[in-house]
Amino acid sequence: MASAVREVEHFIGGRAERGEAARSGDIFDPNRGEVQARVVLGQAADLERAVEIARAAQLGWAATNPQRRARVMFRFKELVERHMDELAHLLSSEHGKVIADSKGDIQRGLEVIEFCCGIPHVLKGEYTQGAGPGIDVYSMRQPLGIGAGITPFNFPAMIPMWMFGVAIAVGNAFILKPSERDPSVPVRLAELMTEAGLPDGVLQVVHGDKEMVDAILDHPAIGAVSFVGSSDIAHYVYRRGVAAGKRVQAMGGAKNHGVVMPDADLDQVVADLAGAAFGSAGERCMALPVVVPVGDKTADALRAKLIPAIEALRVGVSTDPDAHYGPVVNAAHKARVEGWIQTGVDEGAELVVDGRGFTLQGHEKGFFVGPTLFDRVTPTMRSYQEEIFGPVLQMVRAASFDEAVRLPSEHQYGNGVAIFTRNGHAAREFAARVNVGMVGVNVPIPVPVAYHSFGGWKRSAFGDTNQHGMEGVRFWTKTKTVTQRWPDGSVTGENAFVIPTMG
Ligand code: NAD
């Protein structure tokens, strides 16, 4: 008997299409712990069709002047704002984050679209008059052709917009392969781009898993791939994409530290940690899951304030306006997070607040994990070295400022880090010395604004170009430099050049 479950299809050539898919994946309602829809899992033949369409559409799009391309971005921004509630509910229903977080996810993506509204200015290029006798040099940024993006489940609106906003504004066609766990919002965004006036085929969405990712990485017509996800897969994508001759940027996992100096405002730190460690159930690459108080006195005082604050956090369904955070994305992830908590216990860390076994009345099958706090975590523990990606805060006590700089600097990940202090000199030293890509000073989640760029270091990013801002423009374009000389003297006879007149 045919199932009545909704099926999410590819968005190819401006319309929904099932393609050749022989397989499909489950999309859960994390609040209820039930399958609510299915997504087609595409294969190389589906990508091939999208590439053919993109190839044709890109020529006209690249020839469209930048101001007209920017107008599509303006209209898209207006449309997304108009559809904000619908998009946020759809996002929460598949991801599990609360509505306010879903709106934040969409809003941070829109800020990149706002940057893209100014793309004519950014693409003006450079010019040197008189680089030699009668010689001028100018350079221009041209699109690569077809770009692709492969995105994670945790920001299904923001990260696709980081990528397709810039890639399309500069004149590329773009093929997005979103996470198969929450693929509906990316498709809606593509539909809204079409409604905003983007020609069919310039932005397409293909769904799938490893099979589709490999097809993208191997396809010779795709010039650049942007990836965001976990580090092992980011590294794989980077190596395979580069081996196929592509430009690749691949952002990976994270384990961000928040250093708390003895002079910090501890009430503010506790309020910041409540949001940064537990918001979105900790499923943020810029979450702050490790807190590093400097000195035992700071650690004891912080711990005393943290415990009641953590116990007061309200875990609820994603539509509950009073909930601090909702369920994690699926059962496998819930089991993984709880597994890491057990590992922490086995390794000898002190489990201060235990979030395992949490159930919400009326939603007993939902994928909820209660807030968890560990103290006396040490750098040799695996639960410290690896990303947990759940509502788990680990306290690592540092004896000195130098040790507090060393911990995030020597960690395998280097996405974000924060320092909480009232001392400008300590903050300045920390920002200069720490071996991490994005630093917050009294800012717990230092995600750079859209016109700067986003990117971590070490195993948090492979490749050397960040997302969005001018780094994004550089990633999605190639530079052409023209050296020109116009010799003096007029040409006579039949080769004479006559300035055409309007007629
Ligand atoms: P993931 O690595 O499981 O999936 C990311 C993408 O890779 C998805 O589109 C998925 O379909 C694809 N994929 C999965 N398995 C694959 C395989 N074996 N081969 C090829 N492709 C494969 O990541 P996720 O669980 O969706 O997202 C969470 C991870 O993303 C966390 O590690 C988080 O830190 C990271 N993240 C990083 C950033 C950043 O900017 N550094 C931002 C957001 C999320």
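**View 1. R181 meets the ligand through its side chain.** In this predicted model, a polar atom in the side chain of R181 lies 3.0 Å from an oxygen atom of the ligand. Look next at how well wrapped the ligand is: of the 840 Å² of accessible area that the ligand has on its own, the protein covers 89%.

**View 2. T151 and F153 reach the ligand with backbone atoms.** For T151, a backbone N or O atom is 2.8 Å from an oxygen atom of the ligand. For F153, a polar backbone atom lies 3.0 Å from a ligand oxygen.

**View 3. The ligand sits in the largest pocket.** Two elements, α8 (210-218) and β11 (222-228), are those that give two or more residues to the shell around the ligand.

**View 4. Meet the 29 residues that surround the ligand.** The closest are K177, E180, S230, G252 and E387. What kinds of residues make up this shell? Sorted by type, there are 14 nonpolar, 10 polar and 5 charged residues.

**View 5. Two domains contribute to the shell around the ligand.** Domain 1 (6-252 + 460-481) supplies at least three residues, and domain 2 (257-441) also supplies at least three.

Terms used: Residues are numbered from 1 along each chain as its sequence is written. This is a predicted model: local features need pLDDT of at least 70, side-chain atom pairs count only at pLDDT 80 or more; totals for chains, interfaces and linings use all residues. Side-chain values use heavy atoms; hydrogens and water are left out. A residue is near a molecule or strand if one of its heavy atoms lies within 4 Å of it. A polar contact is a pair of N or O atoms within 3.5 Å; within protein, one must be able to donate a hydrogen and the other to accept it, and residues adjacent in sequence count only if both atoms are side-chain atoms. Accessible areas come from the Shrake-Rupley method with a 1.4 Å probe; for residues, only the protein chains shown count as cover. On a 1 Å grid over the protein atoms alone, a cavity is a set of points where a 1.4 Å probe fits but cannot get out, and a pocket is an open set with protein on both sides within 12 Å along at least five of seven lines; lining residues have an atom within 4 Å of a point. A molecule sits in a cavity or pocket if more than half of its atoms lie within 2 Å of its grid points. Helices (H or I, at least four residues) and strands (E, at least two) are DSSP runs, numbered from the N terminus. Ala, Val, Leu, Ile, Met, Phe, Trp, Tyr, Cys and Pro count as nonpolar, Asp, Glu, Lys and Arg as charged, and the others, Gly among them, as polar. Domain bounds come from an automatic or database domain assignment.
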